[in-house]
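Here are my notes on the model, in the order I'd go through them with you. Have it open beside you as you read.

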Amino acid sequence: MRVNEKYSTLPAEDRSVHIINICAIEDIGYLPSEGTLLNSLSVDPDAECKHGLYLRDGRRKVDYILVYHPKRPSGSRTLARRVQHSDAAPAARGTRQDQPLPGKGDVGAAGGPEPPMDYHEDDKRFRREEYEGNLLEAGLELERDEETKIHGVGFVKIHAPWNVLCREAEFLKLKMPTKKLYHINETRGLLKKINSVLQKITDPIQPKVAGHRPQTTKRLSYPFSREKQHLFDLSDKDSFFDSKTRSTIVYEILKRTTCTKAKYSMGQGKGRKKDSALLSKRRKCSKYGITSLLANGVYSAAYPLHDGDYEGENVEFNDRKLLYQEWASYGVFYKYQPIDLVRKYFGEKIGLYFAWLGVYTQMLIPASVVGIIVFLYGCATVDENIPSMEMCDQRHNITMCPLCDKTCSYWKMSSACATARASHLFDNPATVFFSVFMALWAATFMEHWKRKQMRLNYRWDLTGFEEEEEAVKDHPRAEYEARVLEKSLRKESKSKEKRRHIPEESTNKWKQRVKTAMAGVKLTDKVKLTWRDRFPAYVTNLVSIVFMIAVTFAIVLGVIIYRISTAAALAMNSSPSVRSNIRVTVTATAVIINLVVIILLDEVYGCIARWLTKIEVPKTEKSFEERLIFKAFLLKFVNSYTPIFYVAFFKGRFVGRPGDYVYIFRSFRMEECAPGGCLMELCIQLSIIMLGKQLIQNNLFEIGIPKMKKFIRYLRLRRQSPPDHDEYGKKRQRYEADYTLEPFAGLTPEYMEMIIQFGFVTLFVASFPLAPLFALLNNIIEIRLDAKKFVTELRRPVAVRAKDIGIWYNILRGVGKLAVIINAFVISFTSDFIPRLVYLYMYSQNGTMHGFVNHTLSSFNVSDFQNGTAPNDPLDLGYEVQICRYKDYREPPWSEHKYDISKDFWAVLAARLAFVIVFQECYCWTVTALTLVKTSLLDDMSTLNLQQLP
């Protein structure tokens, strides 16, 4: 068995891999520490109490974990190990002793039969050995553990000593706190009193975390330099670099350390030579370290460790437990988030996500309050709404034209009384004010987040981060390097074919050999992927995205046909209650179908977007992430909002008129809006889709799927492990427990669901004023749900420095600006707000809304029905109908130009377009005024602060 041996660094003559020369900046006289895979003689008996957070000596922290699946080596070869004893003299550090691994006997020497060789597993093992040797050259200390509680899994524990941390911190230009303290100017006078009162009021909702309160002093941060160590407080070297910084440094070394020139004897024979050549080519794909090794299966996982357990009576207090108590618990939903502690534990990128989510949730509070007031105003004035009262008045006796051909009969407008009264709850003058308010709210939210982001940049020492970002953004991805290698190999093979047919001059043979050797060493240095290489992927992307959007439109069309056919089928029902609730039944079932389809297609489109981005082979991780976000957002935006756009802007617009209706496939007559308009149906559509996505997709899926995956992993481990698995599980080390957690998949899904929700809150808020309230309630749960997932369900992600939320900010700005246009069109064309204003100021005889309903209805002579479209039962109402009414602005049948569009239509259309322009101009001027006021206030505050300086 392979248990915890110790590796030494490679001697200079055995270094077969070129590593980026970061060691050149080491201190003079620096010697790497005593190697890896620790000798069992140096084991500390008390080290087990550390629960896997330290190496076996109990003193050195485990900064990173590499996971692999060990296999028994094939063949009769004895693997060489480079072993160095802890008492070896420094002069002997370069010596090498070859000996077999403990427990790995020489199969050939034992006289047993030679097992079949697995060249791929041998290749993986050789590459692990080479890579780990290169990590030793970089100064890291490794320890291997294959006697784990998880069957078939081995771990390599990595520790970064102090000199490596200092070297890398200087190379990465990490800003570290110095001994210098400076005082932050406090507000004076009235502002100071207001701040003290607010602090006392908000004290119960503040997390009990050190440093959460506003600080009066701050340590000056400076890029770490080994030559200027006297500037930094190094009294406690163990805590100077926290666990997040240590894992970040180790991860940078893992990415930078290469494994490209491993040459191992694979035996003889044609088959072995062929496999050796194949593996030799594959090894070159591992040029960029851990990312390629993970992609090729050399290692199965790589992750930093959590600080310890988060629950239990005898658990040592740590940041993870503190986050669980003050952040990831549903019992503290009313408290502020400890953002600084989140950033300290998970890094700036995740900290910025939760800070943004917190600001967004706080900003939803005023929007929810105003939305509730608007809804209550609609409830209070529903009995005073004259149009709905006229529709409900039985004395008007308005007979409406059939809603479908043949099976539908004439109906009374008073039967739509409930729909008309409900429409007033969301279609009233206060809705217009709320739309303007939400447009300004979106702009204010973006400005508020910009200021919050700047404050966090200052507090987290990210003010000079652009240069660091530029330095690492061009780091190629493993997939990109593999494609470049394939292209290089094709070029090399073509050049060899040409050289075969062209005779070489004797004077140039030496020169040609040098070129060939250089080409083998630097095969991919000058090769890159061009647009021609990616052209097939671009075409595939375009065709696939267009096809997916077409699929979404086809599904919406299918739901429309379902609504039409279901309404016609229900109209033939003999039950009066069924026929009176046709609109409600059809609308509710259609929306549920839309919701199910949207949830399913969201998952499908997410996978398709990732696949389309992979075949493009972006060069860097940043480019990959931005392209993935763009594709996923485009597909999910179309998927989520297409049914809502149809109801808002297309339903009832192209139906034609009685006697000349528009048909789909010459069979299905287009739908009409209710006499009270389509706004109520839009409200139902928006509310069910929004609430359904939040409840099912955002909450149940996030809770249920991780629990199910965890249970499946538990069953799999129980089946593969020894019978006393439960007893072993209680004694598992930290790295074993973290291995069973779910890998971190990035923040894209978290941002995506919030951006889609932001669209629901802003784009169609004129039809559903309660949308901010439901979004607020969801986000209160979402924050704690995401926090619990990060603390308890996921492996600890590598801390990534970020100055902002990236491309998501641009998407938010785009959605906010689009919301202004959409809300203007919803008020103008979907609601009856503009027709009411036009009637009130142009056609009303007494300055009231009496007669508005009759004004919006046109007349139709039933004798003008096309053949085969008249109702089968024209006497369903008990009398013969001569004239029926329908909602439109057209000339009456007794006019000279009967059924032509009337002048009233053009007057209302002009008013609607004018409102759209005025609405957007008012928004632009208001935003400009608010920006000027904000700039003026900031200038005044800056002047006041300068005057307060001593």
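Is Q757 buried or exposed? With a relative accessible area of 2%, Q757 is buried (that label means under 20% relative accessible area, exposed means over 50%, and partly exposed is in between, with a 1.4 Å probe and protein chains only).

1. A word on the basis. This is a predicted model, in which local features need pLDDT of at least 70 and side-chain atom pairs count only at pLDDT 80 or more, while totals for chains, interfaces and linings use all residues. Residues are numbered from 1 along each chain as its sequence is written, and side-chain values use heavy atoms, leaving out hydrogens and water.

2. Back to Q757, which belongs to helix α24 (residues 748–762); helices here are DSSP runs of H or I with at least four residues, strands are runs of E with at least two, and both are numbered from the N terminus. Setting aside residues up to four places away in sequence, Q757 touches Y360, L364, Q694, A775, N778 and N779 (contact means heavy atoms within 4.5 Å).

3. Now the sheet. It is open and antiparallel, with four strands in the order β2-β3-β1-β6; strands pair if DSSP finds at least two bridges between them. The edges are β2 (141–145) and β6 (301–303), each with a single partner strand, so one side of each has no neighbour in the sheet. From one strand to the next, the twist averages 15°.

4. Helix α5 (residues 243–256) packs on this sheet, touching β1 (64–68) and β3, and its direction makes about 50° with that of β1. For such angles, axes are lines fitted to C-alpha atoms, for helices over the stretch in contact, and the range is 0 to 180 degrees between N-to-C directions.

5. At the β2 edge, five bridges join β2 to β3 (residues 154–159). E143 has K157 in β3 as its bridge partner.

6. Look at L305, in the loop between β6 and α8 (319–326). At 6% relative accessibility, L305 is buried. Its C-alpha is 7.6 Å from that of V62, although the two residues are 243 apart along the chain. Beyond neighbours within four places in sequence, the contacts of L305 include V62, I65, Y735 and R796.

7. Helix α2 (residues 162–172) has several buried residues, among them V164, L165, C166 and L172. Just after α2, K173 takes a positive phi of about 60°.

8. For contrast, try I201 in helix α3 (residues 190–202). I201 is exposed, with a relative accessible area of 58%.
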